[in-house]
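Student: Could you walk me through how to read salt bridges and a ligand shell in a structure like this one?

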Amino acid sequence: MDIAIIGTGYVGLVSGVCFAHIGHNVVCVDNNEDKIKSLNQGVVPIYEPGLEELLKKYRKSGKISFSSSIGDAIKKSTVIFLAVGTPPKKNGDADLIYIENVSREIARHMDSYKLIVEKSTVPAETGRRIERTVHLNMNPKFKNGKKSDLEFDVASNPEFLREGSAVEDFMNPDRIVIGVESARAEKLLREVYAPLKAKIVVTNLATAEMIKHASNSFLATKISFINAVSQICDRVGADVLKVAEGMGYDKRIGRAFLNAGVGYGGSCFPKDVDAFARLAEKSGYDFHLLKSVRRVNEEQKQSFVKLIEDKLWIIKDKTIAVWGLAFKANTDDMRSAAAIDIIQALQAEGGRIQAYDPQAMEKAKEFLKKVKFCHDPYEAAKNADCLLLLTEWEEFHQVDFKRVQDLMTQTVIFDGRNFLDGERLREMGFDYHGMGRGDHEAA
Ligand code: NAD
Ligand code: UGA
């Protein structure tokens, strides 16, 4: 199958490389010329485990190529995936300008049947709008009065991969959702995904779009639920890790996404929860549950800062070591990372930040100013009055805490991910605080 992917970011690049891996001919397009230039030199602009090796292999074999010319890519492909960003507007709506721009470009360049597939996360009803935009912008030579001669279909194929395990997730999906309005579109998408041998759920367009909204919002709800539970755990002396374990054995609940911490971040949950709440509002339903999910998430970061204030007393002129900046482990993505809000709140009170992250420091520099970026966890801990763990990188399990203890001025640890062995650290003499472990009164 000849496939074009428009938008070569986290989703577009991973999807493109994986489609090449399962045998398709892929061209990835982006209007960021620097990105295309670097990909054409075999340099992957993001950190994603396993991606670079596959990219090298399929670039060499010619199964994947990169271009900034959308016209050529459209002409030579039958299936066109849209993987451009759908960032949040100020009011929480998804900004669909990139989707509209690309739809117009496709309309202008198409010269034979095309299947246009939404892979970006978009509000329900976007498929209909794409269809209309393509009709309106089609090259006039293909138009015959009002009805176009040129056939095309629009489909929805939401992506469920997670950053940090994106290749693995793409190759082994729990399910593949395809929202289609024609047998031809269904047949083509089934062919695209046949090599993955995964469960395929076929729906209409709007239902597929809703599945993506509902899935992300449900996962965010699980996280906010356990974070709310963690607040009570601290107040009553219960341990949220054990609560999650005890709940998780119930197959109807499951243990996944019940990790309490500093709240969810990333380019998806925060924006998708808001966009779903806005979509509901516009359709006449007040989805107040989702508003609470968001509120709990914001409060989780605030209460973490309050806890630090409570234990450290005066923040001004204190040196604060931060381990982990990315919104989760195994990625360099800093978009809506909890570390940004937490660091900025502490800086506003005069705290001095020394931070280390194994992969995200370059990107963090765009979001964080006046931070001392360090070469390793030890440099960050040097002369620190406390240490915050904000991203659960495996590397932090390997640290020599005896050395850390000698480097720090006050040996206080706030583990925002319940990642470290608190018991051992306390035995060593650290003043260790987890999240919802029943080891401190909530601030
Ligand atoms: P991203 O910002 O990393 O990538 C988007 C790319 O689109 C950028 O490289 C940008 O330059 C390019 N682009 C914008 N306009 C263009 C145009 N007119 N022509 C060509 N390229 C253009 O975004 P992302 O994280 O890959 O997310 C893309 C979509 O996928 C979003 O809707 C997101 O919600 C969804 N999604 C993301 C993830 C994830 O883990 N990041 C997972 C599932 C779904
Ligand atoms: C999430 C979904 O998991 C993917 O299925 C989806 O495709 C993607 O959003 C998307 O639509 O973009 P991602 O944001 O990459 O993937 O990462 P997650 O592993 O879901 O983590 C999101 C945030 O929640 C992170 O900040 C993480 O630290 C936090 N989290 C996750 C918790 O605080 N507790 C948990 O138990 C799980």
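Tutor: Happy to; we will take the salt bridges and then the surroundings of ligand 2, keeping in mind that this is a predicted model.

Student: What makes a pair of side chains a salt bridge, and how many salt bridges are there?

Tutor: The test is a distance: a side-chain nitrogen of Lys or Arg must lie within 4 Å of a carboxyl oxygen of Asp or Glu. By this rule the count is 31. Take Arg278 and Glu281, where the closest N and O atoms are 3.4 Å apart.

Student: Where do Arg278 and Glu281 lie?

Tutor: Both belong to helix α11, which spans residues 269-282, and they sit 3 residues apart, about one turn of the helix. The pair also belongs to a network of salt bridges that links Asp93, Arg278, Glu281 and Lys282.

Student: Are Arg278 and Glu281 buried or exposed?

Tutor: Buried means under 20% relative accessible area, and exposed means over 50%. Arg278 has 19%, so this residue counts as buried, whereas Glu281 has 42% and is partly exposed.

Student: Which other pair lies within one helix, and how accessible are its residues?

Tutor: One such pair is Asp406 and Lys402 in helix α16 (residues 401-407), 4 residues apart, again about one turn. Their closest N and O atoms are 3.4 Å apart. Asp406 is exposed at 60% relative accessibility, while Lys402, at 45%, is partly exposed. You can also look at Glu379 and Lys372, whose salt bridge has an N to O distance of 3.8 Å. Glu379 is partly exposed at 24%, and Lys372 is partly exposed at 41%.

Student: Now the ligand: which residues come nearest to ligand 2?

Tutor: Start with the shell, then look at polar atom pairs. There are 19 residues around ligand 2, and Phe160, Leu161, Lys212, Cys268 and Arg417 come nearest. A polar side-chain atom of Arg417 is 2.7 Å from a ligand 2 oxygen. From the backbone, an N or O atom of Glu163 lies 2.8 Å from an oxygen of ligand 2, and a polar atom of Glu159 is 3.3 Å from a ligand oxygen. Overall, ligand 2 taken alone exposes 700 Å², and the protein buries 91% of that.

Student: What is the shell made of, and where do its residues come from?

Tutor: By class, the shell has 9 nonpolar, 3 polar and 7 charged residues. Domain 1 (2-203) and domain 2 (236-433) each give at least three residues. Among helices, α9 (205-236) and α11 each supply at least two, and α9 provides the largest share, 3 residues.

Terms used
Residues numbered from 1 in each chain as written. Chains lettered and ligands numbered in written order. Predicted model: local features only at pLDDT ≥ 70, side-chain atom pairs only at ≥ 80, totals over all residues. Heavy atoms only, no water. Buried < 20%, exposed > 50% of the residue type's maximum accessible area, 1.4 Å probe, protein only. Near = heavy atom within 4 Å. Polar contact = N/O pair within 3.5 Å; in protein donor to acceptor, adjacent residues only side chain to side chain. Areas by Shrake-Rupley, 256 points an atom, 1.4 Å probe, with all protein chains shown as cover. Nonpolar A, V, L, I, M, F, W, Y, C, P; charged D, E, K, R; others polar. Domains from an automatic or database assignment.
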